[in-house]
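Student: I would like to take a careful look at one part of this protein, its interior, and to have it explained step by step.

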Amino acid sequence: MNRRTFLQTVGGVAAVGTMGAAAREAAGAQEPAAPGRRPRVAVLWEPGLAPADAERPDESDLREALADCDAAWLPAADLAAQLSRDRFDLLVLTAGSAFPKPAWPAIHAFLVRGGNLVNLGGVPFAVPAVPDGSGWRHEIRQTTFHRQIGVTQAHAIEIPPGTPTQHVAAHPW
């Protein structure tokens with residue numbers, strides 16, 4: 001499955017540019033990736049974290065979609081420890097509206113410093129999840145986290161199967 005087909009079948013994707021250039025500069029944001037360099041992608045892959053509002057993408061399809069990137073597949077604890085603009089250009093969240101609440105400080109810092117986000121399905125950062133024994137427990141749905149990065153509204157986009165996609169040359173991957 002190619003990237004366009006994969007993204008088409010996800011059911012909804014939220015891509016977030018969190019802050020204006022002046023705000024990113026004030027926060028110590030780094031420059032975008034150099035032309036010709038493969039995008040450095042951190043993928044949150046925490047199988048025990050149940051998705052909310054979306055199905056988790058198929059791992060092999062996602063790996064194929066990111067084949068032209070330097071992708072690291074990170075569980076929540078590693079994501080919290082390793083996510084930084086020095087290491088990654090893009091964060092891909094795979095649990096729909098759910099996200100690991102303990103990783104929020106690292107995620108927020110990454111986005112404030114100019115990192116990019118693709119949230120596969122659901123409303124980004126709407127359902128915080130906390131460790132609970134050997135798994136994760138969803139907390140109540142809220143706007144607390146996504147409002148901090150300027151996401152004030154989210155709307156579902158239905159993409160019917162077979163909908164043609166268009167490649168944009170300015171975005172090679």
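Student: Before we go inside, what does the accessible surface of the protein come to, and what share of it belongs to carbon and sulfur atoms? After that, please look closely at the largest nonpolar core: which residues have the most contacts inside it?

Tutor: Please keep in mind throughout that this is a predicted model. The accessible surface of the protein comes to about 9200 Å², and 53% of it belongs to carbon and sulfur atoms. Turning from the surface to the interior, 39% of the 173 residues count as buried. The chain that is folded here has six helices and eight strands, which follow one another along the sequence as α-β-α-β-α-β-α-β-β-α-β-β-β-α. Among contacts with a separation of 6 or more, 78% are between residues 24 or more positions apart.

In soluble globular proteins, nonpolar side chains tend to be buried together. Here the largest nonpolar core has 28 residues, and those with the most contacts inside it are Leu79, Leu83, Leu91, Ile107 and Phe125. At least two residues of this core come from each of β2, β3 (70–74), α4 (76–82), β4 (90–93), β5 (98–100), α5 and β7. The element that gives the most to this core is α5, with four residues.

Helix α5 therefore deserves a closer look of its own. It runs over residues 104–112, and Trp104, Ala106, Ile107, Phe110, Leu111 and Val112 are buried in it. Just after this helix comes glycine 114, whose phi is positive, at about 100°.

Leucine 83 shows how parts of the chain meet in the core: leaving aside its neighbours within four places in sequence, leucine 83 is in contact with Ala42, Asp78, Phe88, Leu91, Ala106, Ile107 and Phe110. A second core, separate from the one above, has 11 residues, including Leu62, Trp73, Val92 and Val118.

That leaves phenylalanine 125, which is placed in the loop between β6 (116–120) and β7 (127–132). Although it lies in a loop, phenylalanine 125 counts as buried because its relative accessible area is 0%, under the cut-off of 20%. Its backbone also stands out, for most residues other than glycine have a negative phi. Phenylalanine 125 is not a glycine, and yet its phi is positive, at about 60°. Aspartate 53, which is likewise not a glycine, has a positive phi of about 70°, and it is found in the loop between β2 (40–44) and α3 (59–65).

Conventions. Residues numbered from 1 in each chain as written. Predicted model: local features only at pLDDT ≥ 70, side-chain atom pairs only at ≥ 80, totals over all residues. Heavy atoms only, no water. Buried < 20%, exposed > 50% of the residue type's maximum accessible area, 1.4 Å probe, protein only. Contact = heavy atoms within 4.5 Å. Areas by Shrake-Rupley, 256 points an atom, 1.4 Å probe, with all protein chains shown as cover. Core = buried A, V, L, I, M, F, W, Y, C linked by side-chain atoms within 4.5 Å.
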